[in-house]
Amino acid sequence: WASGGSLNTRRFGPAGTGTTSTQTAMLAMSGDRMPTEPRMVANVEQYDGTSFTEIADVNAARGQGCGAGTTTAALFFLGEGQPPSFTASAANESWDGSSWTEVGDLGQARTAAAGFGTSTSALAAGGPPSYALTETWNGSSWTEVADLNTNAGRKGCGVSSSSGIVFGRAPTASGETETWNGSSWTTVAEMNTARANPAAFGTATSAIAAGGTIAPGPVIANTEQWDGSSWTEVNDLATGRNNAAPGGTATAGVITGGFAPPGSPSYGLDATEEWTIPDFEIKSVTTS
């Protein structure tokens with residue numbers, strides 16, 4: 001992990017554009033800036049690999065929503081509204097590179113779900129305390145498909161509605177992991193460290209789980225890498241956090257924002273960290 005450019009507005013629970021964006025081009029959408037009022041902000045920022053620039057606001061500010069797509073074609077869906085009600089939302093907004101447009105709502109309002117994919121092929125799964133519901137987006141409407149095996153809030157990643165992975169569990173921390181093949185969910189090997197609300201980027205066969213909460217305990221910096229069959233602990237984040245916005249791939253990813261550790265001046269972070277697996281050149285050596 002290495003430090004990246006900071007958000008202009010610190011927050012936790014922003015949605016990120018995930019794996020279909022890149023380490024040098026991603027969006028951080030809306031989020032919660034507790035304890036500052038109003039809590040939920042509509043602010044959207046775009047990262048270029050060096051710094052964040054504020055762009056057009058979403059229509060409805062929400063925390064713990066889901067994101068999908070790229071910096072020129074994105075979705076922002078689900079989430080929770082302002083306190084004290086924190087009403088769960090079924091709203092879905094589409095970004096065309098210049099403005100946000102409300103498009104087809106999901107069938108079930110919920111927050112803290114797993115969401116990933118593109119602006120025309122996305123998936124939303126789970127949501128605390130007891131949703132197993134999965135819905136897929138085809139560019140114009142959402143369709144309910146096969147349920148998760150476990151009812152819970154999840155985080156996950158994937159490149160379309162036909163393939164992905166979800167892991168962790170909220171509100172109770174867990175290492176549970178499920179993969180999606182376009183028609184059904186399969187329970188696979190659990191993470192080594194149980195957690196809720198990690199940042200997630202990658203695919204069903206190559207993913208990163210960064211940070212999270214050992215609910216109801218502290219936030220953690222622990223990072224694990226999925227290789228398609230098992231999880232391996234890799235380098236920790238510099239700053240432990242949960243509910244950060246992710247972008248990029250399992251070899252070149254980025255997270256920003258998130259819920260700060262105890263003792264921080266604000267519950268929301270502005271810190272950004274970039275994940276890179278270096279390329280190694282393999283050479284043949286002849287010895288005599």
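Helices (H or I, at least four residues) and strands (E, at least two) are DSSP runs, numbered from the N terminus. This is a predicted model, in which local features need pLDDT of at least 70 and side-chain atom pairs count only at pLDDT 80 or more, while totals for chains, interfaces and linings use all residues. Residues are numbered from 1 along each chain as its sequence is written, and side-chain values use heavy atoms, with hydrogens and water left out.

**Exercise 1.** State where Gly-175 lies, whether it is buried or exposed, and which residues it is in contact with.

Solution. Step one is the place in the chain: Gly-175 belongs to the loop between β15 (163-170) and β16 (177-180). Step two is accessibility, where buried means under 20% relative accessible area, exposed over 50%, and partly exposed in between (1.4 Å probe, protein chains only). The relative accessible area of Gly-175 is 3%, so this residue is buried. Step three is contact, meaning heavy atoms within 4.5 Å. With neighbours within four places in sequence left aside, Gly-175 touches Glu-190, Met-191 and Ala-194.

**Exercise 2.** Do the same for Ala-244, and find its distance from Gly-16.

Solution. Ala-244 sits in the loop between β21 and β22. Its relative accessibility is 10%, and therefore Ala-244 counts as buried. Apart from neighbours within four places in sequence, the contacts of Ala-244 are Pro-14, Ala-199, Ile-255, Thr-256, Gly-257 and Gly-258. From C-alpha to C-alpha, Ala-244 and Gly-16 are 8.0 Å apart in space, with their positions 228 residues apart in sequence.

**Exercise 3.** Describe the open sheet that contains β1, and the pairing of β23 with β24.

Solution. Start with the rule: two strands pair if DSSP finds at least two bridges between them. The open sheet has four strands in the order β1-β24-β23-β22, and the pairing is antiparallel. At the edges are β1 (2-4) and β22 (245-248), each of which pairs on one side only. From one strand to the next the twist averages 25°, where axes are lines fitted to C-alpha atoms, for helices over the stretch in contact, and angles run from 0 to 180 degrees between N-to-C directions. Inside the sheet, β23 (residues 252-256) and β24 (residues 272-276) are joined by five bridges in the antiparallel sense. Ala-252 has Thr-276 of β24 as its bridge partner.

**Exercise 4.** How many aromatic pairs are there, and how is the pair of Phe-167 and Trp-231 arranged?

Solution. Rings of Phe, Tyr and Trp (its six-membered ring) pair if their centres lie within 6.5 Å; planes under 30 degrees apart count as stacked, over 60 as edge-to-face and the rest as tilted. The count by this rule is eleven aromatic pairs. Phe-167 and Trp-231 are edge-to-face, at 5.1 Å centre to centre with 80° between the planes. Phe-167 is in strand β15 and Trp-231 in strand β21 (residues 231-234), so this pair ties together parts 64 residues apart in sequence. Phe-167 and Trp-231 are both buried. Trp-180 and Trp-185 give a tilted pair, 5.0 Å centre to centre and 40° between the planes. Trp-180 and Trp-185 are likewise buried. Ring pairs also link Trp-1, Phe-201 and Trp-275 into a cluster.

**Exercise 5.** Explain why Cys-66 and Cys-157 form no bond.

Solution. A disulfide is a pair of cysteine sulfur atoms within 2.5 Å. The closest cysteine sulfur to that of Cys-66 is in Cys-157, and because it is 13 Å away, it is too far for a bond. Cys-66 is buried at 3% relative accessibility, and Cys-157 is buried at 2%. The whole structure has zero disulfides.
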